[in-house]
Amino acid sequence: MYFVPKVFGVHDFGKKVDHKDVNIWCEMYGLRRTVCCQEFQGLAQLLKHDLHSPTTAHGALELYRDTENC
C-alpha cells in the first residue's frame with residue numbers, strides 16, 4: 001500500500017521535499033539522542049549499574065523487562 005497506493009484505491013499523501021530542507025532538518029534535530037533528563041539517567045544508573053541505551057526495539061523491550069523487576 002505504501003509503494004503503490006493507487007493499486008489499493010487510496011490516495012498517495014507523499015510529498016516531494018527539497019534535499020536542502022532535509023539536510024537542514026537533520027542538522028537541527030537529527031543528531032540529538034537525549035531520551036530523558038540527566039536526573040532520570042542518574043536514578044536509572046542507581047537501579048541498574050550496567051545500564052546502556054538500547055539500539056534496537058528488542059533491546060528496549062529487554063531493558064523494560066529488566067527494570068520491571070527492580
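**View 1. Where the charges sit in this predicted model.** The protein carries 8 positive and 9 negative charges, and the mean positions of the two groups are 9 Å apart. Keep that number in mind as you look over the charged side chains.

**View 2. The whole chain, helix after helix.** Start at the N terminus and you'll walk through the elements in the order α-α-α. That makes three helices and zero strands. How far does the C-alpha trace span along its principal axes? It covers about 50 × 30 × 15 Å. The radius of gyration is 20 Å, while a compact globule of 70 residues would come in near 11 Å.

**View 3. The surface of the protein.** Just 4% of the 70 residues count as buried. The accessible surface adds up to about 7100 Å², and carbon and sulfur atoms account for 60% of that.

**View 4. Helix H1 and its start.** Helix H1 takes in residues 19-30. If a helix of twelve residues were straight, you'd expect it to span 16 Å, but the end C-alpha atoms of H1 span only 14 Å. Now zoom in on the start of H1: a side-chain oxygen of Asp18 comes to within 2.9 Å of the backbone nitrogen of Lys20.

**View 5. Asp66 in helix H3.** Asp66 belongs to helix H3, which runs over residues 57-68. Why does Asp66 count as partly exposed? Its relative accessible area is 36%, so Asp66 falls between the buried cut-off of under 20% and the exposed cut-off of over 50%. For a sense of distance, find Met28: Asp66 and Met28 lie 38 residues apart in sequence and 33 Å apart in space, C-alpha to C-alpha.

Key:
Residues are numbered from 1 along each chain as its sequence is written. This is a predicted model: local features need pLDDT of at least 70, side-chain atom pairs count only at pLDDT 80 or more; totals for chains, interfaces and linings use all residues. Side-chain values use heavy atoms; hydrogens and water are left out. Helices (H or I, at least four residues) and strands (E, at least two) are DSSP runs, numbered from the N terminus. The expected span of a helix is 1.5 Å times one less than its number of residues. A polar contact is a pair of N or O atoms within 3.5 Å; within protein, one must be able to donate a hydrogen and the other to accept it, and residues adjacent in sequence count only if both atoms are side-chain atoms. The radius of gyration is taken over C-alpha atoms; the globule rule is 2.2 Å times the number of residues to the power 0.38. Buried means under 20% relative accessible area, exposed over 50%, partly exposed in between (1.4 Å probe, protein chains only). Accessible areas come from the Shrake-Rupley method with a 1.4 Å probe; for residues, only the protein chains shown count as cover. Lys and Arg count as positive and Asp and Glu as negative; His and the chain ends are not counted. The place of a charge is taken as NZ of Lys, CZ of Arg, CG of Asp or CD of Glu.
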